[in-house]
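Here is a short tour of the chain you have on screen. Take a look, and then we can go through the details together.

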Amino acid sequence: MTETGKWLDRRRRELARRTLGAGLLLTVGFTLFALGVGVLLGFAGIYQLLPPAVLFGWIGAVVALAWGVRWYRRRRRATQAGDLAREVEMSGGLREGSIRGLAEWVPASGSSSLAALADTRASGWLDRHGSDALASVQARSNRHLRAGGVTLLAG
């Protein structure tokens with residue numbers, strides 16, 4: 001793996017952990033909320049008037065769990081190394097493929113010394129400017145974590 005690929009992989013793992021954490025917080029929060037609605041319906045006496053209403057809380061919990069799995073799968077794709085490289089290129093004003101090409105580089109043909117030089121140059125740029133270029137991705141991850149925490153507290 002190239003140095004550029006290693007840099008992106010470290011950021012990918014960090015973002016994947018944060019995305020999983022946010023997904024768990026959101027899912028558990030929505031599930032607790034749905035089950036809480038079921039309890040409130042019981043206290044309100046709805047179950048005596050309409051016995052099948054007991055399923056509302058459980059159906060809500062299953063829907064919350066399914067939504068959480070879908071949310072995580074969709075967000076997980078955005079934490080792949082190629083997607084992070086594309087984000088760095090766009091945010092950093094780099095030529096398309098200048099980072100992604102090195103992160104996904106497979107030595108098939110061409111000069112290995114030129115590839116190593118390009119990798120050294122790209123990894124140096126990432127060390128200096130990569131965190132700034134991923135600021136929008138990290139801000140989005142922070143928003144998801146905050147939303148998950150609020151949802152968990154509300155649940």
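## Lysine 6 and helix α1

Lysine 6 sits in helix α1, which covers residues 3-43. Bear in mind as you read that this is a predicted model. With a relative accessibility of 34%, lysine 6 counts as partly exposed, because that class lies between the limits of 20% for buried and 50% for exposed.

Where does the chain come back towards lysine 6? The C-alpha atom of serine 123 is 9.0 Å from that of lysine 6, although the two residues are 117 positions apart along the chain.

Leucine 41 also belongs to helix α1. Its relative accessible area is 21%, so leucine 41 is partly exposed, given that buried means under 20%. The C-alpha atoms of leucine 41 and glycine 57 are separated by 8.6 Å, with their positions 16 residues apart in the sequence.

## Salt bridges around aspartate 9

How many salt bridges does the structure hold? There are two, and aspartate 9 takes part in the one with arginine 12 and in the one with arginine 13. In the pair with arginine 12, the closest N and O atoms are 3.1 Å apart. In the pair with arginine 13, the N to O distance is 3.3 Å.

The spacing along the helix is worth a look too. Arginine 12 and aspartate 9 are both in helix α1, three residues apart, which is about one turn of the helix. Aspartate 9 and arginine 13 are about one helical turn from each other because they lie four residues apart in helix α1. Through shared partners, the salt bridges link Asp9, Arg12 and Arg13 into one network.

Are the two arginines buried or exposed? Each falls in the class in between: arginine 12 is partly exposed at 22% relative accessibility, and arginine 13 is partly exposed at 40%.

## Two patches on the surface

Now turn to the surface, where a nonpolar patch is made up of Val54, Leu55, Ile59 and Val63. Together these residues have about 340 Å² of accessible area. Leucine 55 is part of helix α3, and its relative accessibility of 47% places leucine 55 among the partly exposed residues.

A second patch carries positive charge, and Arg70, Arg73, Arg74, Arg76 and Arg77 form it. Which helix holds arginine 76? Arginine 76 is found in helix α3, which runs over residues 55-77. At 39% relative accessibility, arginine 76 is partly exposed. Helix α3 therefore holds a member of the nonpolar patch, leucine 55, as well as arginine 76 from the positive patch.

## The chain as a whole

What elements make up the protein chain? It has seven helices and zero strands, and from the N terminus on the order reads α-α-α-α-α-α-α.

The overall dimensions are easy to compare with a simple reference. A compact globule of 155 residues would have a radius of gyration near 15 Å, whereas this protein chain has 22 Å. Along its principal axes, the C-alpha trace spans about 75 × 30 × 20 Å. As for burial, 32% of the 155 residues of the protein chain count as buried.

Note on methods: Residues are numbered from 1 along each chain as its sequence is written. This is a predicted model: local features need pLDDT of at least 70, side-chain atom pairs count only at pLDDT 80 or more; totals for chains, interfaces and linings use all residues. Side-chain values use heavy atoms; hydrogens and water are left out. Patches are made of residues with over 30% relative accessible area and no salt bridge: like charges are joined within 9 Å, nonpolar side chains (Val, Leu, Ile, Met, Phe, Trp, Tyr) within 5 Å. Accessible areas come from the Shrake-Rupley method with a 1.4 Å probe; for residues, only the protein chains shown count as cover. A salt bridge is a side-chain nitrogen of Lys or Arg within 4 Å of a carboxyl oxygen of Asp or Glu. Lys and Arg count as positive and Asp and Glu as negative; His and the chain ends are not counted. The place of a charge is taken as NZ of Lys, CZ of Arg, CG of Asp or CD of Glu. Helices (H or I, at least four residues) and strands (E, at least two) are DSSP runs, numbered from the N terminus. Buried means under 20% relative accessible area, exposed over 50%, partly exposed in between (1.4 Å probe, protein chains only). The radius of gyration is taken over C-alpha atoms; the globule rule is 2.2 Å times the number of residues to the power 0.38.
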